[in-house]
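Let's practise reading sheets together. Have the sequence and the 3D view ready, and work through each exercise before you look at its solution.

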Amino acid sequence: MKLKTLLKKIESKYPLNLAYEWDNVGLIVGDYEKEIKKVMTVLEANEKVINEAIDKDIDLIITHHPFIFSKINKLTTSNLKGKLIHKLIKNDIAIYSMHTNFDIAFDGLNDYFVEMLNIENVGILDKTKNETLYKLAVYVPKTHVDVVRTALGNADAGHIGNYRECSFTTEGEGRFKPCEGANPYIGSEEALESVNEVKIETIVPQRILDKVISAMIKAHPYEEVAYDLYKLEIKGESVGLGRYGKLKESMSFKELGMKLKRELSINHLRIVGDLSDKVEKVAIVTGSGADMIKKAYKHGCDVLITGDMKYHDAQDALDMGMKVIDCGHFDTEKVFADIMFKYLSRNFDIDIMKSDVNLNPFDII
């Protein structure tokens, strides 16, 4: 599979345009035309990870943290980043990074915590934009209207508010002349054909556009499917950083902390608040999210789960009566490799593996 084909499908689910302007996401090093056979997922790429990729004949490394973030003036082997870039190019290894677009997108890091903690009535903590919507119109012979419409619905097209599988149909007459070499479902080569057809129209959000079109083409009987796409002015669901909602079952602050330790396989947490207090409404911002304490408070949350909490952030939380659990930056984001491993394994017929390198720079003594 070519790299550009693989990335197109990934970006239909985790669009690059969701990322903050200051971020650096997408293909960082590599050739879009490269054939990809082996992919490795990892939180970030350092020298140990790149050496591991070389040893394992990896074609593509997918990271959460951008491999290049700060400005680079020179690409020489006399500095670490330049040395690693030279090593990647020499060994024909591509690097692709998914950072704030993965944090913001549905089924990203924050939604992983929502599922892990059984949080209900989920909302977005800090809304950044709305999804782009498209109208899809496809022309189908009457015999296959239900088949194609069902395929569109099964691919999640047609969601409008609390309604699903919404569509509109109009009847008309389609005309076409199969050229030499064609294999028409209806008609004969070089003969103008008229067919009673139905136009099916439905709404599709950008993040599933490729999936919907693929399902439509697979269900359609024609060799060449005629369809139109229109970008709409109306906007879809809100997207943004962080999630909040209610625990399915309330628990003590201590019980919540212990659950996080078990689920994330970590030995220590930093907390702000009384461990004996009951907590019900929880906010989550993976990575560095201590600046979201006030937003979590305004949403009526009892506790914010995040990483990289500074001393003065903790003091502010204490003054507000807001509880905070600091799991550490690494431990809130290390699950990226697992999430992407599962996603890629379900959607691509290529060799996928997770890095074996321990990237946590901290030890506790």
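**Exercise 1: the eight-stranded sheet**

Eight strands form an open sheet with mixed pairing, in the order β6-β7-β5-β8-β10-β11-β12-β9. Strands are DSSP runs of E, at least two residues long, numbered from the N terminus, and two strands pair if DSSP finds at least two bridges between them. The model is a predicted one, where local features need pLDDT of at least 70, side-chain atom pairs count only at pLDDT 80 or more, and totals for chains, interfaces and linings use all residues. Residues are numbered from 1 along each chain as its sequence is written, and side-chain values use heavy atoms, leaving out hydrogens and water.

Task: find which strands are the edge strands.

Solution. Start at the two ends of the order: β6 (168–176) and β9 (270–272) each pair on one side only. Next, look at the twist, which averages 25 degrees from one strand to the next.

**Exercise 2: a pair inside this sheet**

Task: work out in which sense β10 and β11 run, and find the bridge partner of Ala 283.

Solution. First, β10 (residues 278–288) and β11 (residues 303–307) run parallel, joined by four bridges. Then step across from Ala 283 to its partner in β11, Leu 304.

**Exercise 3: the five-stranded sheet**

Task: find the edge strands of the open sheet ordered β1-β4-β3-β2-β13.

Solution. This sheet of five strands has mixed pairing. Its edges are β1 (26–29) and β13 (351–354), each pairing on one side only. Further in, β2 (residues 38–42) and β3 (residues 60–63) pair in the parallel sense over four bridges. There, Val 39 has Leu 60 of β3 as its bridge partner.

Key
Axes are lines fitted to C-alpha atoms, for helices over the stretch in contact, and angles run from 0 to 180 degrees between N-to-C directions.
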